[in-house]
Amino acid sequence: MAMMEVNVPDIGDFDEVAVIELLVKVGDKVRAEQSLITVESDKASMEIPSSHAGVVTELLVKLGDKVKQGTLIVKLDATEVAGAAPVAAPAAPSAVATPAPVATATAVPVVSAPVAAVSVAAASVAVAQVTAPAHQPTVAPSGDLPHASPSVRKFARELGVPLNEVKGSGPKGRIGLEDIQTFSRAVMAGDTRTQAQSSKAPAGDGAGLGLIPWPKVDFAKFGPIERKELGRIQKISGANLLRNAVMIPAVTNHDDADITELEAFRVLTNKENEKSGVKVTMLAFLIKACVAALQKFPQFNSSLDGDALVYKQYWHIGFAADTPNGLMVPVLKDADKKGILQISAEMGELAKKAREGKLSPAEMSGATFTISSLGGIGGRYFTPIINAPEVAILGVCRSNMEPVWNGKEFEPRLMLPLSLTWDHRVIDGAAAARFNAYLGQVLADFRRVML
Ligand code: CAO
């Protein structure tokens, strides 16, 4: 057996970067230069390819690990693989459409992997799942394939964008993330010809959405204006939101939960725990109540995978957090195993990190269901967009004291507005109504979860 070790190569200015994707698993046959993992710094993501061909015998990193130059990534058995010779010289990193901090993979040792491609950190977005399917090898461009980094190819695949129809705006026609976004926007507007320079999908033939073009208005004609570019997170999360809004047949059910007793208990809990420094808000109870509802209706905790449903046996709850950089979704892991105080403490910590822009990719990945609470701000009901590949999301607004008929008279009760958006491919209206009704019952009386 000819064992080969592949280490992280010189990654430029970064001391440590986080592993955000594992692109191979034990037993996989890899080619030299095939990407093994994706790592991410606070500024960029990059794929680290193998310096050798071989069969993966050991994978020594996992999602969320911090790695640096020299960290051992995989061990390979190169015996049975033809052409298992190491890459003679490190492949030059692909040119990138956006400025990237790692410009070159310098003096890569023979057994280290060259950095193949650097791209804007598509993983660190608010509404994007950062976990990738366990095995999704990326293919280096060759022959007539369009010029684009593996990350850009992956992004295009996720959006269903045909790369050969996209015009690259980078050096030598290289396709960047923005080109993919521009293309998908053009398709949405039924105007693929402007981007693709092709007449393959004229508006109205069903290949695009057949929509009329986006209105082009010279706003300055009507008054003074100021133009400001969108932030990085807004740009990337926008593409994810668009995909989720367009691709998921989503329906929203609205309901109210009577939280009169629960609110009194919450206030009492905060009084009793004043010294702990942990503040309990309604969101912690909502997380716990949602776990109970997800356990009772497991299809809400599933994901579509082709013609199959993947039921997750863990309950990781994402919650939308409003931050100066845009919307982020930290994930509270194993909510089923935690009490309200622990959930509140962890939520406070995650929300703080989100606002400071310090969330790691691992802290934003793996959610099975998401809650978007505007309870601290206001509003009545809204229609949240599902965070794919999840199949449902709960929107919550501010509770109000309302007159509720108790059979004899109107009684003042504290009512919490709930808006559940669900994927109609997986869930039907009756199940959604039952989910909301059960959630309302649990919030009205938590003893139900013991039944
Ligand atoms: N009804 C009434 N009051 C509520 C409430 C509700 N449903 N939910 C929270 N509140 C109260 C809290 O009790 C707290 O009151 P005090 O200041 O008197 O203690 C106040 O509102 C502020 O709460 P909070 O927002 O700090 O805490 P939270 O746990 O409810 O939420 C977080 C935390 C991070 C989710 C929230 O700060 C946030 O960012 N929300 C915005 C999410 C968002 O943008 N969603 C939209 C996504 S789609 O674009």
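Start by selecting E33, which is partly exposed, with a relative accessible area of 40%. Keep in mind as you go that this is a predicted model. E33 belongs to the loop that runs between strand 3 (29–30) and strand 4 (35–40). Check its backbone: phi is positive, at about 80°, although E33 is not a glycine.

Next, jump to D334 for a second backbone of this kind. Phi of D334 is near 50°, again a positive value in a residue other than glycine. You will find D334 in the loop between strand 16 (331–332) and helix 7. Buried or exposed? At 26% relative accessibility, D334 counts as partly exposed, because the partly exposed class lies between the limits of 20% and 50%.

Now select A388 and P389 together and look at the peptide bond that joins them. That bond is cis, with omega near 10°. P389 itself lies in the loop between strand 17 and strand 18 (392–396). Why stop at these three places? They are worth a look because most residues other than glycine have a negative phi, and most peptide bonds are trans.

From here, turn to the ligand. Show the pockets if your viewer can: the ligand sits in the second largest one. Three elements each give two or more residues to the shell around the ligand: strand 14 (321–323), helix 7 (340–355) and strand 17 (369–373). You have already met two of these names, since helix 7 follows the loop of D334 and strand 17 precedes the loop of P389.

Select the whole shell next. How many residues surround the ligand? There are 19, and the closest are K279, T281, D322, S372 and S399. Colour the shell by residue class and it divides into 9 nonpolar, 6 polar and 4 charged residues.

Zoom in on the nitrogen atoms of the ligand for the last stop. Begin with S372, where an N or O atom in the side chain is 3.0 Å from a ligand nitrogen. Move on to C397, and switch to the backbone: one of its N or O atoms there lies 3.1 Å from a nitrogen atom of the ligand. Then pick S399, which also uses its backbone, with an N or O atom 2.9 Å from a ligand nitrogen. Finally, show the surface around the ligand. On its own, the ligand has 970 Å² of accessible area, and the protein covers 67% of that.

How values were computed:
Residues numbered from 1 in each chain as written. Predicted model: local features only at pLDDT ≥ 70, side-chain atom pairs only at ≥ 80, totals over all residues. Heavy atoms only, no water. Near = heavy atom within 4 Å. Polar contact = N/O pair within 3.5 Å; in protein donor to acceptor, adjacent residues only side chain to side chain. Areas by Shrake-Rupley, 256 points an atom, 1.4 Å probe, with all protein chains shown as cover. 1 Å grid on protein atoms, 1.4 Å probe; cavity = no way out; pocket = protein on both sides within 12 Å on 5 of 7 lines; lining within 4 Å. Sits in = over half its atoms within 2 Å of the grid points. Helix = DSSP H or I, 4+ residues; strand = E, 2+ residues; numbered from the N terminus. Nonpolar A, V, L, I, M, F, W, Y, C, P; charged D, E, K, R; others polar. Buried < 20%, exposed > 50% of the residue type's maximum accessible area, 1.4 Å probe, protein only.
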